[in-house]
Amino acid sequence: MAACISFTSLRDRIYRTSFSNAGLRSSTADLGDGTVIHSWVPRKVKPHNPSLVLIHGFGANAMWQWDEFVAKFSPRFNVYVPDMIFFGDSYTTCADRSEGFQARCLMEALRKWGVGRLSVVGVSYGGFVAYSLAAQFGEEVERVVLVCAGVCLEEKDVEDGMFVVNNVDEASSILMPQRAEKLRELLKLSFYRPMKNVPACFLNDFINVMCKENLQERKELIDTLLKGRKLSQLPKIHQPTLVIWGEHDQIFPLELAHRLVSYLDGKPELVVIKKAGHAVNVEKPKKMYKHIKAFLGDTATPSKVESSDNGNKTDPTKMSE
């Protein structure tokens, strides 16, 4: 009997072709300590173009979250789209599960690929890593875009009922769904207008291809992200920063966006996109791209480091249709 077609695997192959057509190639960097970082990198680096790193969140590999963007950014930037550790083809034998470790490994890999100064965009969990990258490597990270990234959350926010989950186990069961009904729940929480009546066979196919590996390690990532987290211990970044949020985000409520803007001394720009949930990169990619393009502009160059207050606006909250 012929094997059933996996539409998830087919989609994955389509994304690979799309990334290749955008001028990217698959590459791995062995950091020599049991850690390997996989990334899509420029097939041919353009020396006069600035570097841009796009960091994905929980879910599938990096291609699924950035396919709408790579072809748009590639003409103006040398684009790098890494898989975070325990996603896609990136892994480690080290025990550290912090976003700080992810950021350090990513920077080491980027240096191996010859990247100097860069701008970074992080979605959700990727925003935690992007923030840590900016905090640890202030001389190399020029500009920061955080998309629905609740870096200002505290462990007590879970206990106080800010989120739809009450503990790490509940969060893990949704973010790493192992049954079709859990994936439906994730879609409902992630999208302002979630897809309805998706056949269970499609959901189970996605789970089997994308959600079966590194379950314990990914749970540890979530646990480390939340455990003992306090706003007072979050280092402040000083790069020009753009914060993008879906108006109806149920994963990281909009309150966290306002908390972040108030916390940072540099007065980051805040854009709230209407009729969008947590997965704003999927629901409103054109709007998200428009704001990122305007923010990055032509100011980031391989030889120029922005001053900490250059390009920062006075903190207007923009509402985008």
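These exercises work through helix packing, cysteines and single-residue environments in a predicted model.

**Exercise 1. Packing of α2 and α12**

Task: Determine at what angle α2 and α12 pack, and which residues meet.

Solution:
- Step 1. Take the geometry. Helix α2 spans residues 62-73 and helix α12 spans residues 285-296. Their axes lie 10 Å apart, and the packing angle is about 40 degrees.
- Step 2. Classify the angle. α2 is therefore oblique to α12.
- Step 3. Assign the hand. α2 and α12 make a right-handed crossing.
- Step 4. List the contact. From α2 come Trp 66, Glu 68, Phe 69, Lys 72 and Phe 73. They meet Pro 285, Met 288, Tyr 289, Ile 292 and Leu 296 of α12.
- Step 5. Sort by chemistry. The contact of α2 with α12 has eight nonpolar residues, two charged and no polar.

**Exercise 2. Packing of α1 and α8**

Task: Find how α1 and α8 cross, then say which residues of α8 are buried and what they pack against.

Solution:
- Step 1. Helix α1 covers residues 7-21 and helix α8 covers residues 200-210. The axes come within 8 Å. They cross at roughly 60 degrees.
- Step 2. α1 and α8 are therefore oblique to each other.
- Step 3. On the α1 side, the contact uses Phe 7, Thr 8, Ser 9 and Asp 12. On the α8 side, it uses Phe 202, Asp 205, Phe 206, Val 209 and Met 210.
- Step 4. The residues of this contact split into five nonpolar, two polar and two charged.
- Step 5. Now take burial. Leu 203, Asp 205, Phe 206, Ile 207 and Met 210 of α8 are buried. The buried residues of α8 pack against α1, α2, α7 (180-190) and α9 (215-226).

**Exercise 3. Cysteines**

Task: Count the disulfides, and explain why Cys 105 is not bonded to Cys 94.

Solution:
- Step 1. The structure contains zero disulfides.
- Step 2. Cys 94 is in no disulfide, and its nearest cysteine sulfur belongs to Cys 105, 6.6 Å away.
- Step 3. Apply the cut-off. A disulfide needs the sulfur atoms within 2.5 Å. At 6.6 Å, the sulfur of Cys 105 is too far from that of Cys 94 for a bond.
- Step 4. Check exposure. Cys 94 is partly exposed, at a relative accessible area of 22%. Cys 105 is buried, at 4%.

**Exercise 4. Three residues in context**

Task: Place Ser 172, Gln 102 and Asp 30 in their elements. Then decide for each: buried or exposed?

Solution:
- Step 1. Ser 172 sits in helix α6, residues 168-175. Ser 172 is buried, because its relative accessible area is 6%. Beyond residues up to four places away in sequence, Ser 172 touches Lys 219 and Ile 222.
- Step 2. Gln 102 belongs to helix α3, residues 99-112. With a relative accessible area of 3%, Gln 102 is buried. Apart from residues up to four places away in sequence, Gln 102 touches Met 84, Ile 85, Tyr 125, Val 129 and Leu 221. For Met 84, the separation from Gln 102 is 18 residues in sequence and 7.0 Å in space, C-alpha to C-alpha.
- Step 3. Asp 30 lies in strand β1, residues 24-30. Its relative accessibility is 53%, so Asp 30 counts as exposed. Neighbours within four places in sequence aside, Asp 30 contacts Thr 35, Val 36 and Lys 112.
- Step 4. Add a long-range separation. Asp 30 and Gly 297 are 267 residues apart along the chain, and 33 Å separates their C-alpha atoms.

Conventions. Residues numbered from 1 in each chain as written. Predicted model: local features only at pLDDT ≥ 70, side-chain atom pairs only at ≥ 80, totals over all residues. Heavy atoms only, no water. Axes fitted to C-alpha atoms, helices over the stretch in contact; angles between N-to-C directions. Helix = DSSP H or I, 4+ residues; strand = E, 2+ residues; numbered from the N terminus. Parallel < 35°, antiparallel > 145°, perpendicular 65-115°, else oblique. Left-handed = near helix turned anticlockwise from the far one by under 90°. Contact = heavy atoms within 4.5 Å. Nonpolar A, V, L, I, M, F, W, Y, C, P; charged D, E, K, R; others polar. Buried < 20%, exposed > 50% of the residue type's maximum accessible area, 1.4 Å probe, protein only.
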